[in-house]
Amino acid sequence: MLTAVLRGLAAASLAVLPLTVPAPAHAAETLPLAEAVPRLPVDTESRDGYSRDAFRHWNTGTDPSDGCNTRAEVLLAEAVESPVVGPGCRLSGGRWWSYYDQVWVTSASGLDIDHMVPLAESWDSGASAWTAQRREAYANDQGADASLVAVTARSNRSKADQDPAQWLPPAAGVHCRYVAEWVATKLRWSLAADEAEVAALRETAAGCPDQTVTYEPAP
């Protein structure tokens, strides 16, 4: 009798427990740029085996039902004046601000979607060890505003796959923002930085005492 009662109590206690334990939330963190830079792991970089095709993009985006791929969704999200969305998610009209070079753009075809940390640079910095699915998630990341940015094709192609030791936006007034977004992206995806890159980031950060970095670890 006592055994039966104890078993019943044990079963009742289990019944009130959740069937699954939710994963802990990844909290966003904000800190000064000068404090964020030292959080980057420092390591040598290697481009061995890199192929742009290792990063599937652009995929169907955050809303597969809208008929727009990631590129189009970013353009829609960043438009200062919204374009008209036609069949097949063809965009016409609209207006965008390319912050790299401080230029207004009035045609979606004049814009590139820049990976803040270029695909090749991410490969060098740790993405070479990722699964294909994680590289796809990185290449289409709309979970952070800094990850993908609509800028003029000219400025994006000038940047190519260079890090801040080799290239900064032509508009000097945005260097603090750019470096903060670079650091935020690397921290979000746990990517490393080489010594020259870290030195350049520290140098820029020294001139940006009020700049903060906000990032949330990628799922």
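**Entry 1: the Cys176–Cys208 link**

I began with the twist of one disulfide: the torsion about the S-S bond of Cys176 and Cys208 is about -85°, so this disulfide is left-handed. I noted that I am working with a predicted model. The sulfur atoms of Cys176 and Cys208 sit 1.9 Å from each other. Where are the two partners along the chain? Cys176 belongs to helix H7, while Cys208 is in the loop between helix H8 (195-206) and strand E8 (212-215), so the bond ties together parts that are 32 residues apart in sequence.

Then I looked up how covered each partner is. Cys176 has a relative accessible area of 23% and is partly exposed, because buried means under 20%. Cys208 has 6% relative accessibility, so it counts as buried.

**Entry 2: the other disulfide**

How many disulfides does the structure hold? I found two. Besides the one above, Cys68 and Cys89 form a disulfide with their sulfur atoms 1.9 Å apart. I read 95° about this S-S bond, and the link of Cys68 and Cys89 is right-handed. This pair also links distant parts of the chain, 21 residues apart: Cys68 is in the loop between H2 and H3, and Cys89 is in the loop between E2 and strand E3 (91-92).

Are these two cysteines buried or exposed? Cys68 is buried, at a relative accessible area of 5%. Cys89 counts as buried too, at 12% relative accessibility.

I also wrote down the pairing pattern. With the bonded cysteines numbered in sequence order, it reads 1-2, 3-4.

**Entry 3: helix H5**

Next I turned to helix H5, which spans residues 132-139. Which of its residues are buried? I listed Arg135, Glu136, Tyr138 and Ala139. Looking down the axis of H5, I saw that the buried residues fall within an arc of 160°, so they line one face of the helix.

What covers them? My list for the buried residues of H5 includes strand E6 (111-115), helix H4 (119-124), strand E7 (148-152) and helix H7 (175-188). I had met helix H7 already, as the home of Cys176.

**Entry 4: backbone oddities**

I went looking for unusual backbone angles next. The peptide bond from His57 to Trp58 is cis, and its omega is near -10°. Trp58 is found in the loop between helix H2 (33-36) and H3. Cys68 is in the loop between H2 and H3 as well.

Which residues other than glycine have a positive phi? I noted Gln102, with phi near 60°, and Ala160, with phi near 55°. Gln102 is in the loop between strand E4 (96-98) and strand E5 (103-105). Ala160 is in the loop between helix H6 (153-159) and H7.

I checked their cover as well. Gln102 counts as partly exposed, at 38% relative accessibility. Ala160 also counts as partly exposed, at 43%.

**Entry 5: a nonpolar patch**

My last stop was the surface. Which residues make the nonpolar patch? I found Val80, Trp97 and Trp104, and the patch covers about 290 Å². Val80 has its place in the loop between helix H3 (70-78) and strand E2 (84-85).

**Looking back**

I ended with a short list to revisit on the structure:

- I want to see the left-handed Cys176–Cys208 disulfide again, and then the right-handed Cys68–Cys89 one.
- I want to turn H5 until I look down its axis and find the face lined by its buried residues.
- I want to find the cis peptide bond between His57 and Trp58 once more.

Notes
Residues numbered from 1 in each chain as written. Predicted model: local features only at pLDDT ≥ 70, side-chain atom pairs only at ≥ 80, totals over all residues. Heavy atoms only, no water. Patch = residues over 30% accessible without salt bridge, like charges linked within 9 Å, V, L, I, M, F, W, Y side chains within 5 Å. Areas by Shrake-Rupley, 256 points an atom, 1.4 Å probe, with all protein chains shown as cover. Salt bridge = Lys/Arg side-chain N within 4 Å of Asp/Glu carboxyl O. Helix = DSSP H or I, 4+ residues; strand = E, 2+ residues; numbered from the N terminus. Buried < 20%, exposed > 50% of the residue type's maximum accessible area, 1.4 Å probe, protein only. Arc of directions from axis to C-beta. Contact = heavy atoms within 4.5 Å. Disulfide = S-S within 2.5 Å.
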